[in-house]
Amino acid sequence: MTIAATDTMRRLIPSVKLGYSLDQEFYVSDAVFKADMDAIISRKWLVAGHISRIPNKGDYFLFKVGAEQIIVIRENETSVRAFFNVCRHRGSTICSAESGNAPRLVCPYHAWTFGLDGALISARLMPEDFNKAENSLFACHVRVFHGLIFINMSEDTPDDFDATFGDMGPILAYQGIDTARIAYAGSYPTTANWKLVVENFFECYHCVPSHPEFCSMHAPETLVAVGAGPSSGPADAIADFAPKVKAWEDKAAALGRPVGTIDEAPESSHLRLLMQRMNKEGRASETQDGTAPAPLMGKRTAPDGGRMHLSFSPFSQIVADDHFAILFQFTPRGALETDVEMIWLVNGDATEDQVDIEKMTWGYHATTTQDKVITENNQTGIKSSRYQPGRYSDQEGSVMKFQKWYLNQFSAA
Ligand code: FES
Ligand SMILES: [Fe+2]
């Protein structure tokens with residue numbers, strides 16, 4: 001971190017009161033955002049997109065995070081590469097379109113030309129002693145895992161990917177994420193700090209007042225006992241709900257579903273989460289009338305009646321049921337700006353006729369549109385001179401855990 005960012009965090013962190021929302025500066029300050037970028041966002045594995053976006057050699061898309069732009073590009077049939085969108089000549093961006101196909105990466109400014117492996121192929125009229133080999137594009141760590149393209153912008157060796165995420169493989173395989181196709185994509189850019197977007201996603205205290213559609217798709221007891229994570233609700237509600245979950249897990253496991261829970265501690269690197277629960281009784285899917293909007297997904301031969309929330313990190317999540325999966329990407333762009341993207345995935349061989357997009361997107365499109373509004377309202381209020389950190393409820397356990405994880409990231413500061 002820069003000295004300014006480090007000094008800011010050293011000043012702010014000791015005054016944080018656990019059990020309360022954070023001080024104003026955490027949600028508005030450019031210095032804190034810089035610290036967040038350096039200590040957290042640049043060092044985590046982030047899902048940049050689904051592999052089906054770049055099926056052919058040279059297909060690329062831009063993934064924008066903070067001030068960075070990452071070119072995610074297919075090098076060949078087996079390799080996906082990621083580069084910082086920064087020319088090694090005088091620093092122009094190379095790709096300006098959000099997506100496209102490029103047989104070579106040609107800078108529009110003075111036409112330096114790079115291969116799909118990032119190597120500088122040609123640079124006109126350069127001095128004799130210019131060394132092309134020293135002027136490759138800056139690479140970004142990249143890993144394709146079950147069809148999801150993860151990037152990591154760390155300048156150091158990042159957390160070992162397989163050690164961090166390997167145990168999530170079976171449930172992603174069961175859901176058929178690698179062979180899924182994108183049925184619909186929605187964008188909900190939110191004028192708020194990324195931590196407010198995440199905190200909102202990690203609690204369901206707001207579900208009843210804010211989300212009529214979401215609540216209609218879920219039993220009231222799951223809203224309280226489950227909310228937004230295995231440890232997000234009051235302990236007695238979780239205990240009451242446990243036998244019902246166990247009964248469903250036994251049935252789902254018999255159908256081949258890898259059941260189980262991941263609920264990582266604030267000391268973990270990515271604060272991962274895997275929560276699997278049954279649908280509201282009488283409902284096959286998370287839709288308005290409860291009927292399925294698309295064919296069964298993945299390895300299922302019969303519906304198991306479950307839904308899951310899988311979190312790779314606070315930035316990248318999947319919500320899925322028997323028939324569709326939604327990839328949520330929360331991508332910080334600035335202190336007061338967060339990209340919220342949702343990608344609805346269906347089984348890879350589901351035809352257009354078999355997928356009712358309106359039905360499939362009804363619940364979570366409404367919910368995320370509402371979340372954008374309430375999160376922006378939260379940000380606006382936090383900017384006031386009268387904002388003070390407020391006390392968390394018994395239904396905001398996951399927010400408190402996220403906050404501890406967040407603060408832990410600066411422990412070396
Ligand atoms: S800045 Fe790219 S070729 Fe000059
Ligand atoms: Fe919400």
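# Exercises on a predicted model

L223 is found in helix α9, which spans residues 220-225, and the model in which we look at this residue is a predicted one.

**Exercise 1.** Decide whether L223 is buried or exposed, and find which residues L223 touches.

*Solution.* Begin with the count of neighbours: 20 other C-beta atoms lie within 10 Å of L223. A residue is called buried if this count is 20 or more, so L223 is buried. Next, look for contacts, leaving aside residues up to four places away in sequence: L223 touches C204, C207, V208, C215 and H218. For a sense of distance, take Y205, which is 18 residues from L223 in sequence, while the two C-alpha atoms are 8.2 Å apart in space.

**Exercise 2.** Work out whether R53 is buried, exposed or partly exposed, and state where R53 lies.

*Solution.* First locate the residue: R53 sits in the loop between β1 and β2. Then use the count, which is 17 other C-beta atoms within 10 Å. Since buried begins at 20 and exposed ends at 12, R53 is partly exposed. Finally, compare sequence with space: R53 and K244 are 191 residues apart in sequence, and their C-alpha atoms are 39 Å apart.

**Exercise 3.** Describe how helix α1 and helix α3 pack, giving the angle and the distance between their axes.

*Solution.* Two packed helices are described by the angle between their axes and by the distance between those axes. For α1 (residues 3-12) and α3 (residues 30-41) the angle is about 105°, and the axes are 8 Å apart. Angles of 65 to 115 degrees count as roughly perpendicular, and therefore α1 and α3 are roughly perpendicular to each other. The contact is formed by A4, A5, T8 and M9 from α1, together with A31, V32, K34, A35 and D38 from α3. Sorted by type, the residues of this contact are 6 nonpolar, 1 polar and 2 charged.

**Exercise 4.** Find how many residues of helix α6 are buried, and which elements these buried residues pack against.

*Solution.* Helix α6 covers residues 194-201 and is mostly covered, with 8 of its 8 residues buried. By name, the buried residues of α6 are W194, K195, L196, V197, V198, E199, N200 and F201. These residues pack against α2 (24-28), β16 (325-334), β17 (337-346), α11 (357-382) and α12 (397-408).

**Exercise 5.** Describe how domain 1 and domain 2 meet, and explain why the largest nonpolar core lies between them.

*Solution.* The chain is divided into domain 1 (46-152) and domain 2 (161-408), whose centres, taken over C-alpha atoms, are 32 Å apart. At the meeting place, 12 residues of domain 1 are in contact with 21 residues of domain 2. On the domain 1 side, the elements that give two or more residues are β1 (46-50), β2 (59-65) and β9 (141-145), and β1 gives the most, with 3 residues. The residues on this side of domain 1 divide into 5 nonpolar, 5 polar and 2 charged.

Now turn to the core. The largest nonpolar core has 97 residues, and V72, F150, I151, F324, A325, I326 and L345 touch the most other members. The element that gives the most to this core is α3, with 7 residues. Both domain 1 and domain 2 give residues to this core, so the core lies between them.

One of its members, L345, touches H50, I177, A180, R181, I182, A183, F324, A325 and L327, not counting residues up to four places away in sequence. A second, separate core has 6 residues, and L223, the residue of the opening exercise, is included in this second core along with C207, F214 and M217.

Definitions and conventions: Residues are numbered from 1 along each chain as its sequence is written. Chains are lettered from A and ligands numbered from 1 in the order in which they are written. This is a predicted model: local features need pLDDT of at least 70, side-chain atom pairs count only at pLDDT 80 or more; totals for chains, interfaces and linings use all residues. Helices (H or I, at least four residues) and strands (E, at least two) are DSSP runs, numbered from the N terminus. Two residues are in contact if their C-beta atoms, placed from the backbone, lie within 7 Å. Domain bounds come from an automatic or database domain assignment. Ala, Val, Leu, Ile, Met, Phe, Trp, Tyr, Cys and Pro count as nonpolar, Asp, Glu, Lys and Arg as charged, and the others, Gly among them, as polar. Axes are lines fitted to C-alpha atoms, for helices over the stretch in contact, and angles run from 0 to 180 degrees between N-to-C directions. Angles under 35 degrees count as roughly parallel, over 145 as roughly antiparallel, 65 to 115 as roughly perpendicular and the rest as oblique. A nonpolar core is a set of buried Ala, Val, Leu, Ile, Met, Phe, Trp, Tyr and Cys residues joined through C-beta atoms within 7 Å.
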